[in-house]
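Here are a few short exercises to work through with the structure open beside you. Try each one yourself before reading its solution.

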Amino acid sequence: MIKKTLFALAATVAVSAAQAAPEKTECIAPAKPGGGFDLTCKLAQGGLQNGKFIDSPMRITYMPGGIGAVAYNTVIAQRPDEGGTIVAFSGGSLLNLAIGKFGRYTVNDVKWVGSAGADYGAIIVRADSPYKSLKDLMTALKADPTKVVFGAGGSVGSQDWMKSALVAKAAGVDYKGMRYVAFEGGGEAMTALQGGHVQVYSGDASEVAAQIKGGRVRVLGILSDVRLPGELHDIPTAKEQGYDVEWPIIRGYYVGPKVSDADYKWWVGTFDKMLASPDYAKLRDAQGLFPFNMTGAKLDAYVKQRVKDYADLAREFGMAAQ
Amino acid sequence: MSERIFGIFLLLVSAAGIYIGWDLKAPISYEPVGPRAFPLLVFTLLGICSLGLMLSKRPATEWAPSPVLMRVGGMFLVVLAYALLFDKLGFVISTALMSVPLARLFGGNWKQSLIAGAGLGVVLFLLFDKLLDVVLPTGFWLKPLLG
Amino acid sequence: MEIISHLLDGFAVAGSPTNLMICLIGAFLGTVIGMLPGLGPINGVAILLPIAYAMKLPPESALILLAAVYSGCEFGGRISAILINVPGDAGAVMTTLDGYPMARKGLAGPALSISAVASFSGAIIATLGIVALAPILANWALAFGPAEYFALMVLALSCLGGLVGDSLLKAMVGVLIGLMISCVGIDANSGVYRYTFDLLHLSDGIPFIVVVIGLFAVSELMLMLQSHHGGAQAVEVTGRTMFNMKEFMLARWTILRSSVVGFFVGVLPGAGASIASAMTYSMERRMAGKDHCFGDGDVRGVAAPEAANNASAYGSLIPMLTLGVPGSGTTAVMIGALTLYNITPGPTLFQDQPVIVWGLIASLAISSVLLVLMNIPLVKVFVKFLQIPNWVLVPGVAAVSMVGVYAVHGTTFDLIVGTLLGGFGYLLRVMNFPMAPFILGFVLGDMMEQNLRRALSISNGEVSILFSSPISIGLWVAAIAMLVGPRLAKAFEARRNRLAQA
């Protein structure tokens, strides 16, 4: 009898846990405070709180190292079952995961929960540049690849570099033949572009809005599948101009591998609701991210496909996956 | 004498640095100067300077008398243990554990040291974690209590 | 005219009630932090930075807080230098030479008040200097490409070489160890991981805050234990608290000269407050001729370093604001503060974020007024802080330092690295290795290497790019002058002395 009651009690607890939010929620930003990962966590924090999905505010903690590598390893090895903890990731994390810079773990070792939004690559030149369209740039590149110096905020092998390499490839120039200078962060690269020290900056769409308004730079093309909403609507995509280069940079969250199915379902369901709310859209726009809503199994498939694509690209560009 | 030992130490470090740095190569490179030139230059110069240190005839370093050095070493170990346990024991406990021996080293009596330990642990935790919103570790022992 | 309207906007920002309050709190905290041995502007700012961020202060308020703390520290360092013969921070080392003897003679009050006025003068003159110089430099700054940045780093390092003087070998070892540590982590150009030993924690390199806290806070506490003998007794402030007319007349030109020199030394990247104060002290001593009691309690010996260290602290904001290059260790941390808010310090800052830049500049003027008002009448309140017994102070500083590291990085690994560096720093300091070159090498090393490589990849290997613009040529000439100048002067003086004796 007593046993039965206990069973019944346990069952009720289990059921209610499936519906209830984890008691304490935490978002790990795998970087120093500030910057993209922090903003991604702040988005989840704001969205969850404004939508009243959780009672007490979500905590944000920082775990910097290797564009998410430290957090990835820590969560899998030491905190795999914390139902309340989500970790922010970005396209950069997926790329490094693909080329084996995340250590021994693979894309299958965590559970992918939901996206926060996306950014897209952009090909930027100075306002007084002779290149008025992507075609001008491509022609010049083809004529003499050593005359055009690309600059961007990431090292060789990073996303920023891949964007440059893809543009060069679209122009029919070997990635080894192009000229590329790595800066530390997009801000430095943007400054060098404006100072005329490099000719082309392969940056991100979210960075350019303020600069376009100041009339200091020109965007030749955006690396998205369709035109972006808002201020950047007037700028053609690379695809429209006949160059098949796309570069979405997705941002989102994952949880540890041993998080219970109940908790995982709760997160996926909550993100579905949160991403759809207009209130969240406002938060996302304020941070310069573009809409990209995907959760659960769909995201899982998308992420795995992305990682595979990245690995193929890396192999093609001579960055052998380890 | 200590300069000489330090010089030998630095020489070994630079040799190791050059040995490790030799293999640094970028898979693809657009640069005339690769990733290994600068570290190799630094370690080579360091090696030369460490030879200089070994040979220089400067007035020898005056070390504190050995009981004092023992105390300084003890303090270092306490702080190191603090760093190791900071996350595991949580801020309150680890700070209290670190503060008591440190306070003793700096002339507090047992009573004062215990007060300093307990006080600093609790007060600083409340100040940073609760008031200033800087997240501090609570330690594994507190987690189950807080749920 | 444009500058005046910008400046007025700046005062509107800095003068808002919240920001005034922040300025006041920062100035007070800074004075206390600067006064307490073991805590200085670098770790003060490093510890407050994550707090300001966690409290969700807007970027201009956060910077105002940090700048107020920074200038407060330069004011505070002199109090412990004068009263207990222990410099509260590196910039106040020279202040002990005449400040403590003055206090022993019963002149603690005048020493404190004249140094407060000197600090104030340094701060105000440097603020004017920033207003005049920074916008001009910011216009130039866009022309600064990798080649010019590289020449600038060379200039910064050569300033050090010219000024360090006697223990050149040790200074060089310091720079090289700093450079060595800066090599750890992912190489920004090629993406190769260097000296990380497959430790993921090292992939981004060793963070600046970890190095600073280890080197300055942890090792400082160990040194305190070494020289600890039952607690230093502060000289009591008795007698008059104000300097008299005679003292003022004696020191006024010293104050003005040292403020101007200090400012220009501060503008040079890397040459911080400690170099400025040492330089002006010896300059004034030489200029005083025979009629002085330097080293024995001369007011000018207190006024010169204090005017200089404040002026140079403010001056070092110029390279930070215009070029994104730290002018001192503290501004290196403040650059971290800006990047926390996704703001890249550098040439575009003046265009993109005028509110932040001019708000900061206006707040410098405001905080120096607040500080001088606080420091002359309230000096006895601050002295109370010197009575905190070491058995509370030391564990407190140790705990707060760890919080400073933990708040930004949240890993045990960084805490351990910081502590180990602290032990290493202790050994270096006991063996009389100067710490400034170490930090400078660490801060500038990475920038120096990356900019050289960037310059060479832009030019496709042509070394001539390094000397191709007027700016870089000017910087190279200045660098050579800094290296050779002091030695020539010394040789010249030695020759003159020989001739005079002959």
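The model shown here is a predicted one.

**Exercise 1. Find the residue with a positive phi that follows helix 4 of chain B, then find how many of the residues in this helix are buried.**

Start at the end of the helix: helix 4 of chain B is followed by B:Gly107, with a positive phi near 85 degrees. Next, look at how the helix is covered. Of its 15 residues, 13 are buried, so helix 4 of chain B is mostly covered, where buried means 20 or more other C-beta atoms within 10 Å. Finally, check the length. At 1.5 Å a residue, the 15 residues (91–105) should span 21 Å, and the end C-alpha atoms are 21 Å apart, which agrees.

**Exercise 2. Apply the length check to helix 14 of chain C, and work out which helices its buried residues pack against.**

Step one is the length: the 12 residues of helix 14 of chain C should span 16 Å at 1.5 Å a residue, and with 17 Å between the end C-alpha atoms, the two values agree. Step two is burial. Because 11 of the 12 residues are buried, helix 14 of chain C is largely enclosed by the rest of the structure. Among these buried residues are C:Gly329, C:Val333, C:Met334 and C:Leu340. Step three is to look for the partners: the buried residues pack against helix 3, helix 4, helix 9, helix 13 (317–323) and helix 20 of chain C. Just past the helix comes C:Asn342, with a positive phi near 60 degrees.

**Exercise 3. How are helix 4 and helix 12 of chain C oriented to each other: parallel or antiparallel?**

First take the angle. Helix 4 (residues 59–84) and helix 12 (residues 299–315) of chain C pack at about 165 degrees, and their axes are 9 Å apart. Angles over 145 degrees count as roughly antiparallel, so that is the relation of helix 4 to helix 12 of chain C. The crossing of these two helices is right-handed. Now find the contact: C:Tyr70, C:Ser71, C:Glu74 and C:Arg78 come from helix 4 of chain C, while C:Glu306, C:Asn309, C:Asn310 and C:Ala313 come from helix 12 of chain C. By class, the contact has 2 nonpolar, 3 polar and 3 charged residues.

**Exercise 4. Do the same for helix 6 and helix 10 of chain C, starting from their angle.**

Helix 6 (residues 108–141) and helix 10 (residues 245–267) of chain C pack at about 40 degrees, with 9 Å between their axes. Helix 6 and helix 10 of chain C are therefore oblique to each other. Their crossing is right-handed. On the helix 6 side, the contact includes C:Ile114, C:Ala118 and C:Gly122; on the helix 10 side, it includes C:Ala251, C:Ile255 and C:Phe263. The tally for this contact is 10 nonpolar, 7 polar and 1 charged.

**Exercise 5. Describe how helix 3 of chain B lies against helix 19 of chain C.**

The axes of helix 3 (residues 66–89) of chain B and helix 19 (residues 412–430) of chain C come within 8 Å and cross at roughly 170 degrees. Helix 3 of chain B and helix 19 of chain C are therefore roughly antiparallel. Among the residues that meet are B:Phe76, B:Val79 and B:Leu80 from chain B, and C:Leu415, C:Ile416 and C:Gly422 from chain C. The contact of these helices has 8 nonpolar, 4 polar and 1 charged residues.

**Exercise 6. Which helix of chain C gives the largest share of the side that touches chain B, and which gives the largest share of the side that touches chain A?**

Begin with chain B: 52 residues of chain C are in contact with 58 residues of chain B. Helix 18 of chain C gives the largest share of the chain C side, 13 residues. That side has 33 nonpolar, 15 polar and 4 charged residues.

Now turn to chain A, where 36 residues of chain C contact 35 residues of chain A. Here helix 20 of chain C gives the largest share of the chain C side, 4 residues. By class, this side has 14 nonpolar, 18 polar and 4 charged residues.

Note on methods. Residues are numbered from 1 along each chain as its sequence is written. Chains are lettered from A and ligands numbered from 1 in the order in which they are written. This is a predicted model: local features need pLDDT of at least 70, side-chain atom pairs count only at pLDDT 80 or more; totals for chains, interfaces and linings use all residues. Two residues are in contact if their C-beta atoms, placed from the backbone, lie within 7 Å. Ala, Val, Leu, Ile, Met, Phe, Trp, Tyr, Cys and Pro count as nonpolar, Asp, Glu, Lys and Arg as charged, and the others, Gly among them, as polar. The expected span of a helix is 1.5 Å times one less than its number of residues. Axes are lines fitted to C-alpha atoms, for helices over the stretch in contact, and angles run from 0 to 180 degrees between N-to-C directions. Angles under 35 degrees count as roughly parallel, over 145 as roughly antiparallel, 65 to 115 as roughly perpendicular and the rest as oblique. A crossing is left-handed if the near helix is turned anticlockwise from the far one by less than a right angle, and right-handed if clockwise.
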